[in-house]
Amino acid sequence: MTLKDKHIVLGITGSIAAYKAASLARLLIKAGAEVQIVITPSGKEFITPVTLSALTGKPVVSEFFTANDGTWHSHVDLGQWADLMLIAPATAATLGKMANGIADNMLITTYLSMKAPVMIAPAMDLDMFAHPSTTRNIEMLRSYGNIIIEPAAGELASHLIGKGRMEEPEKILEVVEAFFAKKETLDKKKILITAGPTYEKIDPVRFIGNYSSGKMGFALAEECAGRGAEVTLVAGPVALKVNHPNIKRIDVESAEQMYNASVGVFGDMDAAILCAAVADFRPAEQYTQKVKRGEDDLTIALTPNKDIAASLGKMKKGGQMLVGFALETNDEEANALRKMEKKNLDYIVLNSLNDAGAGFQHDTNKISILNRNGERKDFPLKSKKEVASDIIEEVFFSLLRPFK
Ligand code: C5P
């Protein structure tokens with residue numbers, strides 16, 4: 001019963017995905033939650049209140065008043081009662097109204113009165129989802145502190161294929177469970193995370209880079225923020241979005257920019273997790289014009305970049321924790337241990353290119369965590385989200401080195 005006694009207001013709007021809200025309500029209730037449904041008038045065109053109230057055991061709220069007896073439904077009371085408001089599915093119209101405070105139905109007034117955190121699972125056709133107004137409304141809602149459960153890509157009700165399909169109820173349940181399970185555990189701790197590759201410019205159109213996707217670092221950032229930490233995420237060039245409002249993202253391109261951003265904030269941090277695949281070298285000189293094809297060989301002299309991890313290791317004060325990553329192709333453990341020592345890290349997370357499904361670009365990873373006592377813990381292949389949780393559990397909460 002992961003959601004035992006949790007009060008959840010489930011908002012349903014007029015999308016074909018409203019049928020999934022019935023399964024979602026059932027899953028939440030099975031996990032122990034009390035669910036009060038608030039549905040918009042157009043939501044009722046897609047799923048009947050009878051179905052929903054039969055599932056939740058509570059009358060569905062939709063209008064400000066109950067027509068036959070004049071009972072007033074208090075959105076203010078719902079705002080106080082809830083531990084979480086979850087709007088799934090959220091249409092483009094509802095996102096727009098929420099972002100702009102257009103309180104013309106019970107769901108929006110409840111949203112505006114909500115004291116509890118709000119999660120939003122958008123659902124719409126791909127073009128509507130990609131429209132700049134939807135993007136802007138979602139960004140606004142994020143900036144208010146709401147948590148967006150991004151839609152998945154796949155076949156939509158229109159038979160078009162793209163992003164816009166409401167996330168599956170089982171996945172939404174996972175997000176809700178994680179939210180309640182981990183809330184406040186890293187309360188207000190300040191954590192720096194570096195993620196992604198760096199690009200080292202050769203000329204205005206070319207660079208030296210690597211295959212890092214940033215997925216592991218972003219999963220760590222979401223995990224820490226989900227547990228209440230204030231995360232500063234210094235990200236190299238990646239095609240990823242952050243969802244949690246407690247993540248402050250600083251986008252950089254080169255190792256030098258990543259170094260400056262990281263060194264600049266580290267003094268204020270309780271911990272840093274250095275997940276980025278930082279280029280070890282950059283072209284000694286950058287061509288100001290695009291290099292032209294020629295008959296002769298082209299030699300580009302490379303000069304070493306500063307090692308961010310080693311620099312932070314030198315700056316590290318008592319109570320600050322430093323975690324590095326190592327991706328090795330040979331002599332994995334010996335190399336990882338050497339790096340931990342040399343860079344003055346407290347932990348090093350080892351992932352190997354030799355394991356199928358682990359490392360760059362994948363959604364999964366297989367890691368080992370090594371500490372300064374020479375102890376090693378091996379984990380099986382898992383999703384990067386689960387791996388992020390394992391790393392945080394081990395690094396911050398293992399008995400070996402409790403987080404101060
Ligand atoms: O020495 P190597 O690059 O393999 O070390 C990997 C660890 O050091 C990772 O945690 C990586 O983020 C960090 N690193 C860094 N700055 C560099 C190179 C690596 O922070 N210039």
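## Interface between the domains

In this predicted model, the count of salt bridges between domain 1 and domain 2 is 0. The side of domain 1 that touches domain 2 nevertheless holds 5 charged residues, together with 3 nonpolar and 2 polar ones. Polar contact is found across the interface of domain 1 and domain 2 in 2 residue pairs, both at pLDDT 80 or more. On the domain 1 side, the elements that give two or more residues to the surface touching domain 2 are α8 (132–143), β5 (147–148) and α9 (169–182).

The size of an interface is often expressed as the accessible area that is lost when the parts come together. Between domain 1 and domain 2, about 810 Å² is buried, and carbon and sulfur atoms give 48% of that area.

## Domain arrangement

The protein chain is divided into two parts: domain 1 covers residues 7–183, and domain 2 covers residues 190–397. Their contact draws 10 residues from domain 1 and 10 residues from domain 2. A distance of 36 Å separates the C-alpha centres of domain 1 and domain 2.

## Ligand surroundings

The residues around the ligand are Leu274, Ala276, Val278, Asp280, Lys306, Asp307, Ile308, Ala309, Gly324, Phe325, Lys339 and Lys343.

Polar atoms of alanine 276, lysine 306 and lysine 343 can be placed relative to the ligand. For alanine 276, a polar backbone atom is 2.7 Å from an oxygen atom of the ligand. For lysine 306, a polar backbone atom is 2.9 Å from a nitrogen atom of the ligand. Lysine 343 instead presents a polar side-chain atom, which lies 2.9 Å from an oxygen atom of the ligand.

## Backbone geometry

Most peptide bonds are trans, and most residues other than glycine have a negative phi. Two sites in the chain are set out here against that background.

The peptide bond leading from alanine 88 to proline 89 is cis, with omega near 0°. Proline 89 has its place in strand β3, which spans residues 84–90. Aspartate 5, a residue other than glycine, has a positive phi, near 65°. Aspartate 5 belongs to the segment before β1 (7–12).

Notes:
Residues numbered from 1 in each chain as written. Predicted model: local features only at pLDDT ≥ 70, side-chain atom pairs only at ≥ 80, totals over all residues. Heavy atoms only, no water. Domains from an automatic or database assignment. Contact = heavy atoms within 4.5 Å. Buried area = accessible area lost by both parts, 1.4 Å probe. Salt bridge = Lys/Arg side-chain N within 4 Å of Asp/Glu carboxyl O. Polar contact = N/O pair within 3.5 Å; in protein donor to acceptor, adjacent residues only side chain to side chain. Helix = DSSP H or I, 4+ residues; strand = E, 2+ residues; numbered from the N terminus. Nonpolar A, V, L, I, M, F, W, Y, C, P; charged D, E, K, R; others polar. Near = heavy atom within 4 Å.
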